[in-house]
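Subject: Structure for your review

Dear colleague,

Please find below the structure that I am handing over to you. After it, I set out what was found.

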Amino acid sequence: LRARCPFHQEKTPSFFVSPTRGTYYCFGCGEKGDIFTFVEKFEGLDFQGALRLLAERAGVPVEFERPEKKEERDRLLEIMEEATRYYEDNLKDYTQVLAYLKDRGVSDKIKEQFHLGYALPEWDGLLKYLTAREFQIVDIEKAGLIKRGKDKHYDRFRGRIMFPISDRAGRVIAFSGRFFESMPNKKLEEGEEEAKYINSPETPLFEKSRVLYGYDKARESMRRSDSAMVVEGQMDLLMSHQAGYTNTVA
């Protein structure tokens, strides 16, 4: 199979793919490799990210073992995955938030596709959940999920609808939380209001200026349409995807 090379500008096709060998080679720029190296270079992913993306396309489940010592990035990604599961499970039982999302027009399909969740109005619900699964406080803090108080740590997100933010491979690297309810007995100064949205801080996983919300779900549609729609916030993006404009990012 022959095509114009995706790794350099050219008018005459010099990029060759051999299905029988499972390899590619460009006679113009010298790029070569297999399906994994192609996805790594084209999508800007590491090997694990490329493996997840290809497994999802092929419908093959992938499970990663958890050795005693893992690189920091892998540990933080595992923490974020567990946090996402925790928030999603909370939402299933929180009828007030489900009713709010329904009133806003969010379908069950979109809610599940974007892994929406809920952070309970508790000081340390997520912290207890993660430490019970033997994650270390130092790593949970590095992931941006907890804050250090005067004498103890507490959850960064409390009483908020949670929107996971993913990298290109669909791995959760941060969260944005929309205010829903205040903590019990929490006193605000006169004129003070809860921030409508709060986001994860910069972490080893998350560089705000390099991430677009929903890009992992929009990139294929963006490529097919050769265009992208950029909206301001998470709800705008959800409703755009729900209406069929799947090349939308925020």
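How many salt bridges does the count come to? The count comes to 18 salt bridges. Please bear in mind throughout that this is a predicted model.

Salt bridges

As background, side chains of opposite charge can pair when their charged atoms come close. A salt bridge here requires a side-chain nitrogen of Lys or Arg within 4 Å of a carboxyl oxygen of Asp or Glu. Three pairs may serve as examples.

The pair to begin with is Glu81 and Arg52, whose closest N and O atoms are 3.7 Å apart. Glu81 belongs to helix H3 (residues 72-93) and Arg52 to helix H2 (residues 47-58), so this salt bridge ties together parts that are 29 residues apart in sequence. Glu81 is partly exposed, at a relative accessible area of 39%. Arg52 also counts as partly exposed, with 25% relative accessibility.

Helix H3 holds another example. Asp89 and Lys92 form a salt bridge through their side chains, with an N to O distance of 3.5 Å. These two residues are three residues apart in helix H3, so about one helical turn separates them. Asp89 is partly exposed, its relative accessible area being 35%, whereas Lys92 counts as exposed at 61% relative accessibility.

In the remaining example, Glu220 is joined to Arg223 by a salt bridge in which the closest N and O atoms are 3.6 Å apart. Both residues lie in helix H8 (residues 215-225), where they are three residues apart, or about one turn of the helix. Glu220 counts as partly exposed at 29% relative accessibility, and Arg223 counts as partly exposed at 40%. This pair also has a place in a network of salt bridges that links Glu43, Arg57, Arg219, Glu220 and Arg223.

The protein as a whole

Turning to the overall picture, the protein has 250 residues, of which 40% are buried. It contains nine helices and twelve strands. Along the principal axes, the C-alpha atoms fill a box of roughly 70 × 45 × 30 Å. Among contacts with a separation of 6 or more, 55% are between residues 24 or more positions apart. The exposed area of the protein is about 15,200 Å², and 48% of that area is supplied by carbon and sulfur atoms. As for charge, there are 41 positive and 43 negative charges, and their mean positions are 3 Å apart.

Helix H6 and the loop after it

Which residues of helix H6 are buried? In this helix (residues 125-132), the buried residues are Gly125, Leu126, Leu127, Tyr129 and Leu130. Their cover includes H3, helix H7 (137-142), strand E6 (146-148) and strand E7 (153-155). Helix H3 therefore appears twice in this account: it supplies Glu81 for the salt bridge with Arg52, and it is also part of the cover over H6.

After H6 comes Glu134, whose phi is positive, near 70°. Glu134 is found in the loop between H6 and H7. Glu134 is exposed, with 63% relative accessible area.

Positive phi angles

Why does such an angle deserve mention? Most residues other than glycine have a negative phi. Glu134 is not a glycine, yet it has a positive phi of about 70°. Asp226 is a further case, being a residue other than glycine with a positive phi near 55°. Asp226 is located in the loop between H8 and strand E11 (229-230). Asp226 is exposed, with a relative accessible area of 72%.

A nonpolar patch on the surface

Finally, which residues make the nonpolar surface patch? Phe16, Tyr25 and Phe27 make this patch, which has an area of about 320 Å². Phe16 is placed in strand E2 (residues 15-18). A residue can belong to a patch if its relative accessible area is over 30%. Phe16 is partly exposed, with a relative accessible area of 35%.

When you open the model, I would suggest starting with helix H3, where Asp89 and Lys92 lie three residues apart, and then turning to the network that includes Glu220 and Arg223.

Yours sincerely,
A colleague

Notes: Residues numbered from 1 in each chain as written. Predicted model: local features only at pLDDT ≥ 70, side-chain atom pairs only at ≥ 80, totals over all residues. Heavy atoms only, no water. Patch = residues over 30% accessible without salt bridge, like charges linked within 9 Å, V, L, I, M, F, W, Y side chains within 5 Å. Areas by Shrake-Rupley, 256 points an atom, 1.4 Å probe, with all protein chains shown as cover. Helix = DSSP H or I, 4+ residues; strand = E, 2+ residues; numbered from the N terminus. Buried < 20%, exposed > 50% of the residue type's maximum accessible area, 1.4 Å probe, protein only. Contact = heavy atoms within 4.5 Å. Lys, Arg positive; Asp, Glu negative; His and termini not counted. Charge placed at Lys NZ, Arg CZ, Asp CG, Glu CD.
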